[in-house]
Amino acid sequence: MKAENIKTVAVIGAGTMGQGLAQSFAQAGYTTYMFGNVDKEKLAGHVAQVEANLKLFREYDLLKEDVKTIRSRIIPVLSKDIPEVAKKCEFIIESAPEVLDLKKQIFSQLEAAREDNILASNTGSLTIPSIVEGMRTPERVAGVHYFNPAHIMPLVEIHYGPKTTQETIATTQALIEQTGKKSILLKKFIPGFVVNRLQAALGREALYLVKEGVVSPEDIDTATKGSYGFRWSNIGVFEGYDMIGLDVLIRVGSIFKLLDNSTDNPKFMYDMVEKGDLGIKSGKGFYDYSNKSKAEVLDELNKRLLPQLGLFNSRRGK
């Protein structure tokens, strides 16, 4: 199947990530079924959140159509109807929790519903071979990894299994690009893929610096936003290396042996979790959010990202 033959898609999962995926496909003109493993009232609430996100996009001039038109392409469906509705879809993305047995169960349903569509799993930790184990048609399954918030973050990592066909990979990548996202294709599997490994390396050193009392979490955030975070939005890692000079980098590289090499999170992180300080969802993490609702905090963060998305889109291909 080619990307140009795809008109109808489905997203299995209506949580924060599923909402973002559904919005991206609907914005690109695709009829989009959004499945939720909840009751009709909660599912309607998830759709309402997508509509609110679209209105925010309109506020930042990031829509090519009006909100009502885009919203009309999103069709909420209860998970119990997956076997029937999946027959109508040329492309389906599963975005369920990272529980292998659950994902395998969903793919079993999808495989039984139709044999010629492309199936994808939005996973940041599981392998495609583990998900397709026992399937008759593993060749039509690819992996995609979106980033939160999925309706804003432009990157998608694409990975696959040894039985995935080149046509499946090419169609998946082409379709993702048609939704306005930018994709990278992993040449081989590695745990954590690319972005999570980069993020983990940086995060480990940031946590170490806080643990050792070198700097506060607030100053770490100021440092990242005002230095490499500022630069990396438009000048990538290796572009930056070329700008700095490889000879300079080799001299600076002597710091590698001084960096933290822990293989676990620091104890103070476990203490925070034990206390219930989980971040925005609990009202407190490294910062205190107790005077605002979760929706208000997320809305403020999204408003910081949306101007950057506009800039990123204006520089696509550069």
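1. Let's start with a word you'll need: two residues count as being in contact when heavy atoms of theirs lie within 4.5 Å. With that in hand, look at how the two halves of this predicted model meet: 16 residues of domain 1 are in contact with 12 residues of domain 2. As for where those domains sit, the domain assignment gives 3-185 for domain 1 and 195-314 for domain 2.

2. Stay with that meeting place for a moment. The C-alpha centres of domain 1 and domain 2 are 28 Å apart. People often describe an interface by the accessible area lost when the parts come together. Here domain 1 and domain 2 bury about 1,200 Å² between them, and 74% of that is on carbon and sulfur atoms. Which residues of domain 1 lose the most area to domain 2? They are Leu56, Tyr60 and Ile152, and together they make up 40% of what the domain 1 side buries.

3. Now for the sheet. It is an open one with 8 strands, and if you walk across it you meet them in the order E3-E2-E1-E4-E5-E6-E7-E8, with mixed pairing. The edges belong to E3 (74-78) and E8 (182-185), each of which pairs on one side only. Neighbouring strands are turned by 25° against each other on average, ignoring direction. As a bit of background, strands of a sheet pair through backbone hydrogen bonds, and they can do this parallel or antiparallel.

4. Strand E1 (8-12) is a good one to click on. Is E1 mostly covered or mostly uncovered? It is mostly covered, as 5 of its 5 residues are buried. Thr8, Ala10 and Ile12 point one way from the strand, while Val9 and Val11 point the other way, and every one of these is buried.

5. On one side, E1 runs parallel to E2 (residues 31-36), and 5 bridges join the two. Try finding two of the facing pairs: Thr8 is opposite Thr31, and Val11 is opposite Met34. To get from E1 to E2, the chain goes through helix H1 (residues 16-27), and this β-α-β crossover is right-handed. E1 also pairs with E4, again in the parallel sense, over 4 bridges. There, Val9 has Phe91 of E4 as its bridge partner.

6. E2 deserves a look too. It is mostly covered, with 5 of its 6 residues buried. Besides its pairing with E1, strand E2 is joined to E3 by 5 bridges, and E2 and E3 run parallel. One pair to look up is Thr32, which stands opposite Ile74 in E3.

7. Finally, move along to E5 (residues 118-122) and E6 (residues 141-146). How many bridges join E5 to E6? There are 4, and these two strands run parallel. Leu119 has Val141 in E6 as its bridge partner. Helix H5 (residues 100-113) lies across E5 and E6, and also across E1 and E4 (91-94). Relative to E5, helix H5 runs at about 165°.

Note on methods: Residues are numbered from 1 along each chain as its sequence is written. This is a predicted model: local features need pLDDT of at least 70, side-chain atom pairs count only at pLDDT 80 or more; totals for chains, interfaces and linings use all residues. Side-chain values use heavy atoms; hydrogens and water are left out. Two strands pair if DSSP finds at least two bridges between them. Axes are lines fitted to C-alpha atoms, for helices over the stretch in contact, and angles run from 0 to 180 degrees between N-to-C directions. Buried means under 20% relative accessible area, exposed over 50%, partly exposed in between (1.4 Å probe, protein chains only). A crossover is right-handed if, with the strands pointing away from the viewer, the path from the first strand over the helix to the second runs clockwise. Domain bounds come from an automatic or database domain assignment. Buried area is the accessible area (1.4 Å probe) that two parts lose on being put together, summed over both.
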